[in-house]
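Work through these short exercises with the model open beside you. Try each task before reading its solution.

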Amino acid sequence: MACLGVFVAYLPVTTVSVSLPAIQRTLGASTSQLSWVSDAFVLPMAALILTTGVWGDVHGRKRVFQAGMAFCALGAAVSLGSDSVQSLWIGQAASGLGAAALLPTTLALISHAVPDHRERGRFIGVWAMSMLASLAVGPLMAGVLLEHVGVRWIFLLPIPVSLVVLAVAAFLLPDSRAPHGRRLDWPGQISAAVTVTSVVYGVIEGGANGFGEPTVVAALVLSAVSAVAFVLVERCSSSPMLDLALFRSPAFAATTLVAMISFLGLIGFFFVLSLYFGLVQHLTTLEAGLRMVLVSGTSLVVGIPVGRLMHRVSARVMITTGLVVMAGSLLSLTGIDAGTSYGSLAWRLVLLGLGIGAVLTPMTAAAVSSVPHHLTGMAAAGNNAFRQLGGALGPAVLGALLTTRALDSLPGRLADGGVPAEATGRALAAARDQGLGAVAGLDLGPATEPALAALGGSFLDGLRLCLIVSASLALLAALGCALLLRPAAPSGRPSPGAGSPAVAPAPRIAAAAAASTDGASVEELQRTP
């Protein structure tokens, strides 16, 4: 049930990403509006995932799991019937709320069912592969549906799957909870939601209208203030939504940093790659899906042996190596252009999938296993929250970079292509007012072909900048992992998790948790793997 839940939760990620050009044509959306199509889904995940984790601990994970499935079905139904980009945002937001309920709950269900941290790593590997399977199915499903039906039908599959899983869960899924005196932390929830929403809004609108706009400046200032407020609130709370003592564990701090930075680059990369396939290579959605599935499909295949190697090779080595491979593949993609063949693109995307597959499973397992058992739900929710924050910032940051660099490059490209002044003016006005995709729909007479070539060239300028930024983020995450994700220091007698470098006992966390989370003694918590 946990694997089915995470499959449904992540299905909209690549399904929507690969369909962005079709959504833009169908609904007449600008580039910034397209960013909100992705972020309307990811924002609720990032903002509410910690709260749903607490709800599961207090009120029962089965109830939260069922609520998540119901919201996924509702959101997909709204998106299926949408006739404007605004109604699509609403549907995506409802689906994101459902995913926010499912992600921490599914991991907590696994942790409850499999208390042994070594055995649990294998099940978390299967959970991670279910996530990758969802990312692999999404592009192919979207491509087939767009070839034969229409763009709205890409939201059909989550509805029956969610309803069937919801019905089966009512009879088969056991309930669990771990209250330990916990309660909802409303000040922390509000400040976290304001932080995430305002920073993403500021980045998206800043990329579209300029970072000097008063509303953009106000949003970014608000995000900084609310982030400070969140830290202060969590430090003073008797029942924090995210116990900041978790970050005293180097393993948890490292995997959280890796999760946020890598997903910022990865989800942002999927966003700009889908636009490259549509605007530059003029591929159908199915053709684009067959290329994007090389990434998630390879990750899925690699996840199987990685799960078996987790107790033989340290998480530090696997994650760092995977991130370096990801960075290399992203840098290799800077050499693509409008005429890049499938074969030339394929090996680069397979290499990227190889790196992702080496990172995802050990990253999640190390985060959950690095804290005492009763804090695994909070650790899972925290790791997922920062992952989704990176995922929300990805389309926003890379979309802003892409738009800014392409718009700066477009006038020169049009001039080099010999496009007349009148046609150049129309093309630039359409790009600034309605997004880069609007230029492709203009009828400029004899200047149409050179204008499209100029558009492709300016887009590639923006794409290369995005790839360099994504590769730099992956290398930054690799450096953080190499420095922070270290095996536990040797002691007089081995601790329960000493055989696995990915698992570090965290006595300081245990002490802090004893004071702030429940009434267990420090000695009890220190004995917990």
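**Exercise 1. Find where confidence is lowest and where it is highest in the chain.**

Solution. Start at the low end: helix 19 (residues 522-526) has a mean of 34. Go to the high end: helix 4 (residues 61-80) reaches 92. These scores are pLDDT, the predictor's confidence in each residue, from 0 to 100. Helices (H or I, at least four residues) are DSSP runs, numbered from the N terminus. Next, look at residues 488-529, where the pLDDT is below 50. Beyond near neighbours in sequence, this stretch has 68 contacts in the model (heavy atoms within 4.5 Å). Finally, take the chain as a whole: its average pLDDT is 78, and 86% of the residues score at least 70.

This is a predicted model, in which local features need pLDDT of at least 70 and side-chain atom pairs count only at pLDDT 80 or more, while totals for chains, interfaces and linings use all residues. Residues are numbered from 1 along each chain as its sequence is written, and side-chain values use heavy atoms, with hydrogens and water left out.

**Exercise 2. State how many residues of helix 2 are buried, and name them.**

Solution. Fix the cut-offs: buried means under 20% relative accessible area, exposed over 50%, partly exposed in between (1.4 Å probe, protein chains only). Count: six of the eight residues in helix 2 (residues 20-27) are buried. Name them: Leu20, Pro21, Ala22, Ile23, Gln24 and Leu27. Then step past the helix to Gly28, whose phi is positive, near 65°.

**Exercise 3. Compare the span of helix 9 with its expected span.**

Solution. Helix 9 has 23 residues. The expected span is 1.5 Å times one less than the number of residues, which here is 33 Å. From first C-alpha to last, helix 9 reaches 33 Å, close to that value. Its buried residues are Val216, Ala219, Ser223, Ser226, Phe230 and Glu234.

**Exercise 4. Is Glu287 buried, partly exposed or exposed?**

Solution. Locate Glu287 in helix 11 (residues 285-309). Glu287 is partly exposed, because its relative accessible area is 34%. Now check a distance: the C-alpha atoms of Glu287 and Phe277 are separated by 8.5 Å, with the two residues 10 apart along the chain.

**Exercise 5. Which helix gives the most to the lining of the second largest pocket?**

Solution. Helix 8 does, with five residues. Helix 3 (31-59), helix 9 (214-236) and helix 14 (376-416) are also among the elements giving two or more.
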